[in-house]
Protein chains: 2
Amino acid sequence: MTTLQPGESPAARLSERHRAAVMEDVAELAGVSAMTVSRVLNTPQKVRPETRARVLAAVRELDYRPNSAARVLVTGRSGVLGVVSFDTTLYGPASTLYGIEQAARENDYLVSIASLPALNRRSIEEGVDRLRSQSVDGIIIVAPHESAAEGLRHLPPGLPVVDVGGGDDLPVPVAAVDQQAGAARATRHLLSLGHRTVWHLSGPPNWIDSSGRVAGWRSALEAEGREVPEPLVGDWSAHSGYEIGKRLARGREITAMFVANDHMAMGLLRALRESGRRVPEDVSVVGFDDVPESAYFWPPLTTVRQNFGEVGRRAFQLLLDRIGGTEGDARRLVEPELVVRESTGMSP
Amino acid sequence: MTTLQPGESPAARLSERHRAAVMEDVAELAGVSAMTVSRVLNTPQKVRPETRARVLAAVRELDYRPNSAARVLVTGRSGVLGVVSFDTTLYGPASTLYGIEQAARENDYLVSIASLPALNRRSIEEGVDRLRSQSVDGIIIVAPHESAAEGLRHLPPGLPVVDVGGGDDLPVPVAAVDQQAGAARATRHLLSLGHRTVWHLSGPPNWIDSSGRVAGWRSALEAEGREVPEPLVGDWSAHSGYEIGKRLARGREITAMFVANDHMAMGLLRALRESGRRVPEDVSVVGFDDVPESAYFWPPLTTVRQNFGEVGRRAFQLLLDRIGGTEGDARRLVEPELVVRESTGMSP
DNA sequence: TGTGTGATTGTTTGCGTTATCACTCCTTGC
DNA sequence: GCAAGGAGTGATAACGCAAACAATCACACA
């Protein structure tokens, strides 16, 4: 390390060398040791105020930024958390990811994502591996599918992992919306309007949300001693809602329908209308999700709002607890909320 | 480094020590130097096949994983790229992010995200800084707002940056959908159906997409010598489309409307219907985006499809070029596609 | 027989940071 | 006046890997 010549600014020296400032440069400029610079950055209260000020001035002057790789190497912690997620273009996963990212930002964590090309055990393990190879401090898995459970049973030991929206028999903490409660709420709402029973258009098999909503719907019907019709099965898309709606509209017996998400409900609404069935006069429809547009469906959709942002925040908090070593409660449920609009009405 | 005792498996020794295997452990087990292990992992063709096999066997036996922090420290490259994005719950940004992530995965890159709490210069610079502090190899900015331009003019030198959806006077490479072409296509489609002119419901001011679509619409009208009505201004939400639609429906002069996104179009459709205006018999409507549901709007929406996934892939490729040192062409436009459905018809 | 030459492997060093221990003052208490 | 203790700072040694250079070996060629 050469000494500073008079008339030669430190910044100029750096640019001559074509490299960013490191801790030693800051130390030299501030007239202290590198260790003191490190302390100013990590435990400022252990440094005398005057020294601290000199160091901070040098940091600013050189636009010094700590090298995270070096820090990770010695501390073993990266300040990065990983999110393994399936199809982040869907409203639910995208919102959850957003909630996680916000919570992470507020806590000085960065988020790396590994999205899954397919939903199966191998794919999930591969996603976890990719993140682990970047030494993330922990991982949040957003893959509400039964195949995720398999992947979660074979995790590397020692790596903090939290699941979002998973079932209740997982070996890791879970943050989720209470699907059963939401489905039951939707079902009871329809029953309270005088409908004899409620039909259900469910999501695809093996999705946790599908079975949770089926279970909630079924239990609400059974609690009132109502007939439980065979559920219809869609694939979450508006298209599937439309196709099933067309088939359905041929019969007349259905007066109330609980649909497992808003997009299928949208397709269903259109199919019913095209078939001359009025909503809600002839058929009442309740959705699930409360996507931002559902208030502008025709008619505006009664639906169950999921607070994905809150789920993301809780998942992050669970992960933080795990990283910190506390165990805490293993399952945090967010209550969904029934939003009554105009797609539901009294039984005809 | 103690020597391996007979009868003592390497895996057992590791678990006793409660630490993961490092390169030296692999080297010892394989009977080579650490450097040879490094070569097997990075330049396998420089190692004799038998040696390579021994090393790989040891890697598997110990479940060895290279420490990325150490690798970054010495190579200066992390294999991580950063994405700075505003509101990843919106369909466009979410799809773009997904496209970037897929391309990154195929090229063994990992993606870290920094979402922005607000759209302004400070916020963008802060997002870039957060990612930079984690030594990403490059950054893709997805913030199609004029404020992004300001942030882009003050980037740290030496950091590869690519913009998505930005204007054409940016100091960095840009990947984007050709908004003007899409808007012009939508407008010409309406004119070709006999409409005298086309009204426009635009996105909020200062969004690049808003002005691009306004420009395309305007130029298409002017090219045909048509009157250019004052554009109406929404905020991308279905709600704003609805409100403006209600106001609009009071007048009768409008027969064709180009709406700057599908969600506003959805609100507009409902407002028109509620006001007794038929679509497309009385008014034709074209949207923009082609969200997955737009085929199930009522009526199914004619719209302009943006291939966000492709934009993401091209942005990644541009960034890879930049990281690799090649300059390449600075602007890659993806052609949008007009999808004709049932919300447009002959002028009444 | 000596000398390149290339293929293969090893040794040393340094990347930039923090942990640990050691050192110097200065205060406190008796 | 002196020991004990604490506050502030520094020197040194890791952390795990790859770059650079050195060493070894086999083989070909003159």
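pLDDT is the predictor's confidence in each residue, on a scale from 0 to 100. The model here is a predicted one, and chain A comes out with a mean pLDDT of 91. In that chain, 94% of the residues reach 70 or more. The weak spot is residues 1–17 of chain A, where the pLDDT is below 50. Leaving aside near neighbours in sequence, that stretch makes 13 contacts in the model.

As for overall build, chain A holds 13 helices and 12 strands. Its radius of gyration is 27 Å, whereas the globule rule gives 20 Å for 348 residues, so chain A is more spread out than a compact globule. Put in a box along its principal axes, the C-alpha atoms of chain A take up roughly 90 × 40 × 35 Å. Buried residues account for 50% of the 348 residues in the chain. Contacts also reach across the sequence: taking those in chain A between residues at least 6 apart, 70% join residues at least 24 apart.

One piece of chain A worth a look is an open sheet of four strands, in the order β7-β6-β8-β9, with parallel pairing. At its edges sit β7 (232–233) and β9 (284–286) of chain A, each of which pairs on one side only. Strand β6 (residues 199–202) of chain A runs parallel to β7(A), and two bridges join them. Within this part of the sheet, A:Leu201 stands opposite A:Leu232 of β7(A).

Further along the chain, helix α13 of chain A spans residues 308–324 and includes A:Gly324. With 9 other C-beta atoms within 10 Å, A:Gly324 counts as exposed, because the cut-off for exposed is 12 or fewer. Between the C-alpha atoms of A:Gly324 and A:Tyr64 there are 29 Å, and the two residues are 260 apart along the chain.

Next comes the meeting of the two protein chains. Chain A puts 36 residues into the contact, and chain B puts in 36 residues. On the chain A side, α5, α6 (91–106), β2 (110–116), α11 (238–249) and α12 (262–274) each supply at least two residues. By class, the side of chain A that touches chain B has 17 nonpolar, 13 polar and six charged residues. Strands take part in bridging the chains too: β2(A) and strand β2 (residues 110–116) of chain B run antiparallel and are joined by three bridges. Here A:Ile113 stands opposite B:Val111 in β2(B).

Then there is the DNA. Around DNA strand C there are 24 residues, and those that come nearest are A:Met23, A:Ser38, A:Asn67, A:Ala70 and B:Thr51. Helices α3 and α5 of chain A, along with α3 and α5 of chain B, each give at least two residues to the surface near DNA strand C. That surface breaks down into 14 nonpolar, seven polar and three charged residues.

DNA strand D is surrounded by 23 residues, the closest being A:Thr51, B:Met23, B:Ser38, B:Asn67 and B:Ala70. At least two residues of the surface near DNA strand D come from each of α3 (34–42) and α5 (68–75) of chain A and α3 (34–42) and α5 (68–75) of chain B. The largest share, five residues, belongs to α5(B). Sorted by class, the surface near DNA strand D has 13 nonpolar, seven polar and three charged residues.

How values were computed. Residues are numbered from 1 along each chain as its sequence is written. Chains are lettered from A and ligands numbered from 1 in the order in which they are written. This is a predicted model: local features need pLDDT of at least 70, side-chain atom pairs count only at pLDDT 80 or more; totals for chains, interfaces and linings use all residues. A residue is near a molecule or strand if its C-beta atom, placed from the backbone, lies within 6 Å of it. Ala, Val, Leu, Ile, Met, Phe, Trp, Tyr, Cys and Pro count as nonpolar, Asp, Glu, Lys and Arg as charged, and the others, Gly among them, as polar. Two residues are in contact if their C-beta atoms, placed from the backbone, lie within 7 Å. Two strands pair if DSSP finds at least two bridges between them. The radius of gyration is taken over C-alpha atoms; the globule rule is 2.2 Å times the number of residues to the power 0.38. A residue is buried if 20 or more other C-beta atoms lie within 10 Å of its own, exposed if 12 or fewer, and partly exposed in between; C-beta atoms are placed from the backbone.
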